[in-house]
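Biologist: I'm comfortable at the bench but rusty at reading models. Could you take me through this one feature by feature?

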Amino acid sequence: MKRAILLLFVLSFFFSCSDKEVKKVTEESLTAQEAFTVAEAIKDAYLNKNLSSIESNTTKESYRELFGAIKSFDKASLTLSPKWVEIEKSTVSVKIAWDGTWVVRGKTTEEQGVAIFVFEGKPLKLSRILKANPFRQPE
(Lines give C-alpha, C1' and ligand atoms only; values in the text may rest on other atoms or scores of the structure.)
Protein backbone atom coordinates (compact mmCIF):
# COMPACT_ATOMS: atom_id res chain seq x y z
CA MET A 1 0.00 0.00 0.00
CA LYS A 2 2.83 2.40 0.90
CA ARG A 3 4.56 1.61 -2.40
CA ALA A 4 1.38 2.38 -4.33
CA ILE A 5 0.99 5.74 -2.58
CA LEU A 6 4.65 6.57 -3.17
CA LEU A 7 4.36 5.55 -6.84
CA LEU A 8 1.21 7.64 -7.22
CA PHE A 9 2.94 10.63 -5.64
CA VAL A 10 6.00 10.29 -7.89
CA LEU A 11 3.89 9.91 -11.03
CA SER A 12 1.69 12.89 -10.17
CA PHE A 13 4.80 14.98 -9.51
CA PHE A 14 6.36 13.84 -12.79
CA PHE A 15 3.29 14.69 -14.86
CA SER A 16 2.67 18.01 -13.12
CA CYS A 17 6.22 19.10 -13.94
CA SER A 18 6.05 18.05 -17.57
CA ASP A 19 3.39 20.64 -18.46
CA LYS A 20 5.58 23.63 -17.60
CA GLU A 21 6.39 25.93 -20.46
CA VAL A 22 10.05 26.15 -21.47
CA LYS A 23 11.27 29.71 -21.94
CA LYS A 24 12.66 30.59 -25.34
CA VAL A 25 16.37 31.43 -25.53
CA THR A 26 16.86 35.08 -26.47
CA GLU A 27 19.13 36.37 -29.23
CA GLU A 28 21.13 38.29 -26.60
CA SER A 29 21.67 35.12 -24.61
CA LEU A 30 22.95 33.31 -27.69
CA THR A 31 25.28 36.21 -28.51
CA ALA A 32 26.66 36.26 -24.96
CA GLN A 33 27.22 32.50 -25.06
CA GLU A 34 29.06 32.86 -28.38
CA ALA A 35 31.34 35.51 -26.83
CA PHE A 36 32.10 33.22 -23.87
CA THR A 37 32.88 30.37 -26.25
CA VAL A 38 35.27 32.50 -28.33
CA ALA A 39 37.04 33.76 -25.18
CA GLU A 40 37.53 30.19 -23.97
CA ALA A 41 38.79 29.11 -27.41
CA ILE A 42 41.39 31.91 -27.38
CA LYS A 43 42.41 30.99 -23.82
CA ASP A 44 42.84 27.32 -24.76
CA ALA A 45 44.82 28.26 -27.88
CA TYR A 46 47.05 30.54 -25.79
CA LEU A 47 47.73 27.79 -23.23
CA ASN A 48 48.49 25.31 -26.04
CA LYS A 49 50.57 27.90 -27.96
CA ASN A 50 48.32 27.46 -30.99
CA LEU A 51 48.76 30.76 -32.82
CA SER A 52 46.62 29.75 -35.80
CA SER A 53 43.62 29.19 -33.53
CA ILE A 54 44.19 32.56 -31.85
CA GLU A 55 44.38 34.16 -35.29
CA SER A 56 41.12 32.56 -36.44
CA ASN A 57 39.25 33.91 -33.38
CA THR A 58 40.59 37.48 -33.48
CA THR A 59 40.57 40.42 -35.86
CA LYS A 60 43.84 41.18 -37.68
CA GLU A 61 44.60 44.14 -35.42
CA SER A 62 43.82 42.19 -32.27
CA TYR A 63 45.95 39.26 -33.39
CA ARG A 64 48.94 41.55 -33.98
CA GLU A 65 48.49 43.05 -30.53
CA LEU A 66 48.13 39.66 -28.84
CA PHE A 67 51.04 38.17 -30.77
CA GLY A 68 53.26 41.05 -29.61
CA ALA A 69 52.15 40.65 -25.98
CA ILE A 70 52.61 36.89 -25.64
CA LYS A 71 55.82 35.92 -23.86
CA SER A 72 57.40 32.51 -23.76
CA PHE A 73 56.35 30.21 -20.91
CA ASP A 74 56.95 26.57 -20.06
CA LYS A 75 53.56 25.90 -18.54
CA ALA A 76 50.52 27.98 -17.66
CA SER A 77 46.98 27.78 -16.39
CA LEU A 78 44.35 30.45 -16.79
CA THR A 79 40.79 30.71 -15.53
CA LEU A 80 38.34 33.16 -17.11
CA SER A 81 35.17 34.09 -15.21
CA PRO A 82 32.70 36.26 -17.15
CA LYS A 83 31.00 38.84 -14.90
CA TRP A 84 28.76 40.89 -17.22
CA VAL A 85 27.97 41.35 -20.88
CA GLU A 86 26.99 44.50 -22.75
CA ILE A 87 25.65 44.25 -26.30
CA GLU A 88 25.47 47.36 -28.46
CA LYS A 89 24.60 46.90 -32.12
CA SER A 90 27.42 44.74 -33.53
CA THR A 91 29.76 45.07 -30.53
CA VAL A 92 29.79 42.74 -27.52
CA SER A 93 31.79 43.69 -24.42
CA VAL A 94 32.42 41.06 -21.74
CA LYS A 95 33.92 41.92 -18.36
CA ILE A 96 36.06 38.95 -17.33
CA ALA A 97 37.83 38.31 -14.04
CA TRP A 98 40.87 36.09 -14.55
CA ASP A 99 43.40 34.14 -12.50
CA GLY A 100 46.62 32.85 -14.03
CA THR A 101 49.71 30.90 -13.11
CA TRP A 102 52.78 30.83 -15.33
CA VAL A 103 55.94 28.76 -15.03
CA VAL A 104 59.06 30.10 -16.76
CA ARG A 105 62.38 28.28 -16.25
CA GLY A 106 61.17 26.80 -12.96
CA LYS A 107 59.87 30.09 -11.55
CA THR A 108 56.13 30.25 -10.87
CA THR A 109 54.26 33.54 -11.12
CA GLU A 110 50.62 34.06 -10.20
CA GLU A 111 48.49 37.02 -11.22
CA GLN A 112 44.87 38.00 -11.36
CA GLY A 113 42.98 40.83 -12.91
CA VAL A 114 39.93 42.10 -14.71
CA ALA A 115 39.74 42.63 -18.45
CA ILE A 116 37.08 43.72 -20.88
CA PHE A 117 37.02 41.61 -24.03
CA VAL A 118 35.45 43.45 -26.97
CA PHE A 119 34.05 41.27 -29.77
CA GLU A 120 32.79 42.33 -33.19
CA GLY A 121 31.45 40.79 -36.37
CA LYS A 122 29.57 37.67 -37.32
CA PRO A 123 30.81 35.25 -36.24
CA LEU A 124 32.19 37.11 -33.24
CA LYS A 125 35.94 37.79 -33.18
CA LEU A 126 37.98 39.39 -30.43
CA SER A 127 38.82 42.94 -31.50
CA ARG A 128 40.33 44.43 -28.31
CA ILE A 129 41.21 43.68 -24.72
CA LEU A 130 40.86 46.60 -22.35
CA LYS A 131 42.41 46.81 -18.86
CA ALA A 132 44.53 43.88 -17.60
CA ASN A 133 45.21 41.56 -20.55
CA PRO A 134 45.43 37.98 -19.22
CA PHE A 135 47.51 36.90 -22.23
CA ARG A 136 50.49 39.01 -21.19
CA GLN A 137 52.58 36.55 -19.26
CA PRO A 138 54.03 38.23 -16.17
CA GLU A 139 57.61 39.47 -16.42
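Biologist: Let's begin with charges: which side chain meets that of Glu40 in a salt bridge, and what is the N to O distance?

Modeller: Before that, keep in mind that this is a predicted model: local features need pLDDT of at least 70, side-chain atom pairs count only at pLDDT 80 or more, and totals for chains, interfaces and linings use all residues. Residues are numbered from 1 along each chain as its sequence is written, and side-chain values use heavy atoms, with hydrogens and water left out. Now, a salt bridge here is a side-chain nitrogen of Lys or Arg within 4 Å of a carboxyl oxygen of Asp or Glu. The partner of Glu40 is Lys43, at 3.0 Å from N to O. Both belong to helix H2, three residues apart, which puts about one helical turn between them. Helices (H or I, at least four residues) and strands (E, at least two) are DSSP runs, numbered from the N terminus.

Biologist: What else does Lys43 pair with?

Modeller: Asp44 makes a salt bridge with Lys43 as well, at 3.7 Å from N to O. Put together, Glu40, Lys43 and Asp44 are linked in a network of salt bridges.

Biologist: Is Lys43 in that network buried or exposed?

Modeller: The word depends on relative accessible area: buried means under 20%, exposed over 50% and partly exposed in between, using a 1.4 Å probe and protein chains only. Lys43 comes out at 11%, which means it counts as buried. Glu40 is partly exposed at 29%, and Asp44 is partly exposed too, at 37%.

Biologist: How many salt bridges does the structure hold?

Modeller: Three. Besides those of Lys43, there's one between Glu120 and Arg128, whose closest N and O atoms are 3.7 Å apart. Glu120 is partly exposed at 29%, and Arg128 is partly exposed at 38%.

Biologist: Arg128 takes me to the strands. In what order do they form the sheet?

Modeller: The rule is that two strands pair if DSSP finds at least two bridges between them. Here four strands make an open, antiparallel sheet in the order S1-S2-S3-S4. Strand S1 (75–88) and strand S4 (125–131) are the edges, each pairing on one side only. From one strand to the next the twist averages 30 degrees.

Biologist: Over how many bridges do S3 and S4 pair?

Modeller: Six, with strand S3 spanning residues 107–120. Val118 has Arg128 of S4 as its bridge partner, and Phe119 stands opposite Leu126 in S4. The hairpin of S3 and S4 has four residues between the strands, and Gly121 there takes a positive phi near 90 degrees.

Biologist: Where does helix H2 lie?

Modeller: For angles, axes are lines fitted to C-alpha atoms, for helices over the stretch in contact, and the range is 0 to 180 degrees between N-to-C directions. Contact means heavy atoms within 4.5 Å. Helix H2 (residues 27–47) lies across S1, strand S2 (91–104), S3 and S4, at about 160 degrees to S1.

Biologist: And the rings: how many aromatic pairs does the count come to?

Modeller: Rings of Phe, Tyr and Trp (its six-membered ring) pair if their centres lie within 6.5 Å; planes under 30 degrees apart are stacked, over 60 edge-to-face and the rest tilted. That gives six aromatic pairs. One of them is Tyr46 with Phe73, tilted, at 5.2 Å centre to centre and 45 degrees between planes.

Biologist: Why does that pair tie together parts that are 27 residues apart in sequence?

Modeller: Because Tyr46 is in helix H2, while Phe73 is in the loop between helix H4 (60–69) and S1. Tyr46 is buried at 1%, and Phe73 is buried at 2%. Another tilted pair is Phe117 with Phe119, at 6.3 Å and 45 degrees; Phe117 and Phe119 are both buried. Tyr46, Phe73, Phe117, Phe119 and Phe135 form one aromatic cluster.

Biologist: Which charged end sits over the ring of Phe73?

Modeller: That of Lys49, 4.6 Å from the ring centre. The test is NZ of Lys or CZ of Arg within 6 Å of the ring centre and within 35 degrees of the ring normal.
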